[in-house]
Structures are given as structure tokens and as C-alpha cells.
Amino acid sequence: MADLTTIARPYAKAAFDFAVEQKALEQWTEMLAFVAEVAANEHVAVQLKRESANTLVDLFTTVCAEQLNEHGLNLIKLMAENGRLNALPAVLALFLEYKAELAKEITADVVSATELDAAQQAQISASLEQRLARKVKLNCSVDASLMAGVIIQAGDLVIDSSVKGQLAKLSETLQA
């Protein structure tokens with residue numbers, strides 16, 4: 001089966017473009033978050049594999065009636081007809097990526113050997129904002145196995161300035 005992200009991409013892009021056109025990004029974010037949560041439910045996931053498109057549309061209409069507008073319901077109907085409702089969580093993830101891209105925001109995962117103080121976080125954030133030309137939100141965590149330094153991942157960019165990473169590179173060079 002094709003990767004769910006590949007399946008979800010056209011639905012997410014269409015929903016995003018429509019939401020931007022209608023100036024309803026927040027409403028669509030809420031609708032997609034709700035239906036993605038419903039689709040991810042283990043009982044519903046079993047139904048997604050067994051039931052017909054009409055039954056699934058009825059199920060989502062009943063469960064999500066108050067959360068969905070007419071256009072959101074149309075998306076559910078289309079995805080049900082194509083047997084793609086299991087991709088709703090991926091549609092939400094892609095929609096949120098498109099939304100962050102529009103807002104020129106990116107989330108950077110920062111793993112450090114010790115807890116970073118506010119000044120260090122501000123310095124990392126400012127450097128990344130300058131390098132990436134967008135607003136950066138840091139998601140910080142601690143991994144003592146790094147010994148010292150940090151690993152920063154923002155989208156496709158990975159910066160590994162940890163002692164563990166440097167030792168791994170040195171070891172690789174010496175073995176070559």
C-alpha cells in the first residue's frame with residue numbers, strides 16, 4: 001500500500017488551499033483535528049477496514065456532526081468514496097505543515113546533554129531564525145548520552161554539535 005503521507009497530500013493541499021481562500025484556517029484546523037482523532041480511534045479504525053463508504057460517511061456524520069461544516073463533510077464523503085479515511089491523521093499533519101509554512105514558522109527539536117537555560121534557548125532560536133529566515137519554535141529535550149553539546153533538527157536541517165556525534169565522526173574517519 002502507498003505511504004499514507006503520499007495518499008494524504010492531495011487531500012491536505014486541497015483542504016489547505018480552500019481554507020486559505022475562505023479565510024478559515026483555524027476552523028479547518030479544528031475540523032481536521034477532530035476527524036483525525038475520530039479516525040485514529042481503535043474502534044473506528046476497525047470499521048474503516050470493514051464498512052462501505054456510505055456507512056462510514058453516516059458514522060462520521062453522526063460522530064462529527066457538530067464539528068463539521070458542509071465543506072468538511074464533503075471532504076469526508078470524498079475520502080470515504082476513495083477508501084482513504086484512514087489517512088485523516090496524515091491529512092491533519094500535512095495541513096499543519098502547510099499552515100506553519102504559510103506563517104513562516106518551523107519547529108526545531110533541540111536535544112542537549114544538559115538542560116538549556118532561557119538565554120541559551122534564546123540564542124539558539126535567534127541563530128536559527130536568522131539562518132532559516134522564519135520564526136522558530138524550540139522543542140527542547142535532554143539526553144545525557146550526548147555527553148556535551150546539542151543536536152538541532154529543523155525540517156531537513158540537522159546540526160550535530162554533540163560530543164557523541166563528533167566522536168562517531170572521528171571513529172568513522174579512523175576506520176576508513
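Two strands count as paired if DSSP finds at least two bridges between them. Keep that in mind as you work through this predicted model.

**Exercise 1.** Work out in which sense β1 and β2 pair, and over how many bridges.

*Solution.* Start with β1, which covers residues 105-112. Next, look for a bridge: E105 has K135 in β2 as its partner. Then take the whole pairing, which runs parallel over eight bridges. The cut-off is at least two bridges, so β1 and β2 with their eight bridges count as a pair.

**Exercise 2.** Place the strands in their sheet and find which ones lie at the edges.

*Solution.* First, write down the order: β2-β1-β3-β4, an open sheet of four strands with mixed pairing. Now go to the edges, where β2 (135-142) and β4 (157-160) each pair on one side only. Finally, add the twist, which averages 15 degrees from one strand to the next.

**Exercise 3.** Decide whether C64 and C140 are buried or partly exposed.

*Solution.* Buried means under 20% relative accessible area. C64 has 0%, so C64 is buried. C140 has 33%, so C140 is partly exposed. As a last step, check for disulfides: a search of the whole structure finds zero.

**Exercise 4.** Locate M147 and find which nonpolar surface patch it helps to make.

*Solution.* Begin with the place: M147 sits in the loop between β2 and β3 (150-154). Its relative accessible area is 52%, and exposed means over 50%, so M147 is exposed. To finish, name its partners: M147, V163, L167, L170 and L174 make a nonpolar surface patch of about 490 Å².

Definitions and conventions: Residues numbered from 1 in each chain as written. Predicted model: local features only at pLDDT ≥ 70, side-chain atom pairs only at ≥ 80, totals over all residues. Heavy atoms only, no water. Helix = DSSP H or I, 4+ residues; strand = E, 2+ residues; numbered from the N terminus. Axes fitted to C-alpha atoms, helices over the stretch in contact; angles between N-to-C directions. Disulfide = S-S within 2.5 Å. Buried < 20%, exposed > 50% of the residue type's maximum accessible area, 1.4 Å probe, protein only. Patch = residues over 30% accessible without salt bridge, like charges linked within 9 Å, V, L, I, M, F, W, Y side chains within 5 Å. Areas by Shrake-Rupley, 256 points an atom, 1.4 Å probe, with all protein chains shown as cover. Salt bridge = Lys/Arg side-chain N within 4 Å of Asp/Glu carboxyl O.
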